[in-house]
Protein chains: 2
Amino acid sequence: MTKGEQTRRQIVQKAAPLFNRKGYEGTSLSDLMNATGLQKGGIYRHFSSKEELATEAFDYAWQKAVGRRLEGIESSADSVDRLKKMISNFVEFRSELVPGGCPLMNTAVEADDGNAVLRARAKKALQSWMGRLSKITADGIRENQIDRRMDPRKLSQLIIGALEGALLISRLQKDHQALHDARQHLNDYLERSVRAKTNRK
Amino acid sequence: MTKGEQTRRQIVQKAAPLFNRKGYEGTSLSDLMNATGLQKGGIYRHFSSKEELATEAFDYAWQKAVGRRLEGIESSADSVDRLKKMISNFVEFRSELVPGGCPLMNTAVEADDGNAVLRARAKKALQSWMGRLSKITADGIRENQIDRRMDPRKLSQLIIGALEGALLISRLQKDHQALHDARQHLNDYLERSVRAKTNRK
């Protein structure tokens, strides 16, 4: 990595918590200068625009989040257990991410009527996350671990929606109860209705 | 209503879609001037600050949303049916609200690391919505319509979280599928696990 690439990477890492907490519109040039210790010229030598920096900051925050959420899921051979592991990761790893909550939710909510580039990035992130969960479900159906009446895409959306909604409530209430309850609800649902009958514990 | 009160009300109505779509930080004075047709002085004659206007705009958008969501729920004597009606209202009435999605989600996401006054307003809105749903559930338990093992507060959080999360996905994907699927999931859950066994259809 050249020195220029290192600086660029450091700018992204320092900008990511700002954009994730304050949003695209709420993050000012002086916020970015304070966080990076660089002048305007020092930042914009590496990025053509605030939008480009915000997009890379989103990708950085999202990769960190999705890495945590998918951590260790391969260690189970059972598809329902994999889904449950992802749910637990979502609930447990909150403090180790880029501060400010879920980058997908933050960017989606701000950009859904606004910045088209950031909106497209958030949409792509959602699709890729849904794709991972859908694949686990489709694999599970093929291996007779998951009820074949399940629609992989619908199940993924349900899980993601329940977790993101619970996170919204948890952040507003500053406690984890809604997240823990969502995990319990989803786990019960996975055991009762998603796991193939012959495989139910 | 005096002329001053009328003007104040009109400013709030015109500002509400701006704040709901673009956020507090993303809404500029010139946006507000364009939307209201007033100069800066004409706006700030009625409001002491942008924060005061944003707070009233939130209350206006939220009242409209919550009014729709609770519409007609009293017409059923059955508590589970009341919860199902609220869920359907949430899913069906999207186009008739202040544009920009759910005011609670938008304000919560932007303000959870930011403006404390708006954050408090969003928290209060969530609590009041949860209070309404909790009361329906508590009434249902007392009248033997709802399983007495249900926790009214947990059930309210689950319903609100699932709906808000599905709305996030629906808005990003620009289709209603996630909302319709969340309704189906919640309705199944209400019939299977929430309705008192002696009352199950």
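In this predicted model, the two copies meet through the same surface, because 100% of the interface residues of chain A are also interface residues in chain B. The contact draws 36 residues from chain A and 36 residues from chain B. On the side of chain A that touches chain B, the elements giving two or more residues are helix 1 (3-26), helix 6 (103-111), helix 7 (116-142), helix 8 (152-173) and helix 9 (177-194) of chain A. If you are looking for the main contributor, go to helix 8 of chain A, which supplies the largest share of that side with 14 residues. By residue class, the side of chain A that touches chain B holds 15 nonpolar, 10 polar and 11 charged residues.

Now let us turn to the symmetry. A turn of 180 degrees, with a shift of 0.0 Å along the axis, lays chain A on chain B with an RMSD of 0.0 Å. The two copies are thus related as by a two-fold rotation axis.

Next, follow helix 1 of chain A, one of the interface elements, to its packing inside the chain. Helix 1 of chain A packs with helix 2 (residues 29-36) of chain A at an angle of about 135 degrees, and their axes are 9 Å apart. An angle between 115 and 145 degrees counts as oblique, and the two helices are therefore oblique to each other. The crossing of helix 1 of chain A with helix 2 of chain A is right-handed. Helix 1 of chain A brings A:Ile11, A:Lys14, A:Ala15, A:Leu18 and A:Lys22 to this contact, while helix 2 of chain A brings A:Asp31, A:Leu32, A:Ala35 and A:Thr36. Sorted by class, the residues of this helix 1 and helix 2 contact in chain A are 5 nonpolar, 1 polar and 3 charged.

Note on methods:
Residues are numbered from 1 along each chain as its sequence is written. Chains are lettered from A and ligands numbered from 1 in the order in which they are written. This is a predicted model: local features need pLDDT of at least 70, side-chain atom pairs count only at pLDDT 80 or more; totals for chains, interfaces and linings use all residues. Copies are superposed by least squares on the C-alpha atoms of residues with pLDDT of at least 70 in both. Two residues are in contact if their C-beta atoms, placed from the backbone, lie within 7 Å. Helices (H or I, at least four residues) and strands (E, at least two) are DSSP runs, numbered from the N terminus. Ala, Val, Leu, Ile, Met, Phe, Trp, Tyr, Cys and Pro count as nonpolar, Asp, Glu, Lys and Arg as charged, and the others, Gly among them, as polar. Axes are lines fitted to C-alpha atoms, for helices over the stretch in contact, and angles run from 0 to 180 degrees between N-to-C directions. Angles under 35 degrees count as roughly parallel, over 145 as roughly antiparallel, 65 to 115 as roughly perpendicular and the rest as oblique. A crossing is left-handed if the near helix is turned anticlockwise from the far one by less than a right angle, and right-handed if clockwise.
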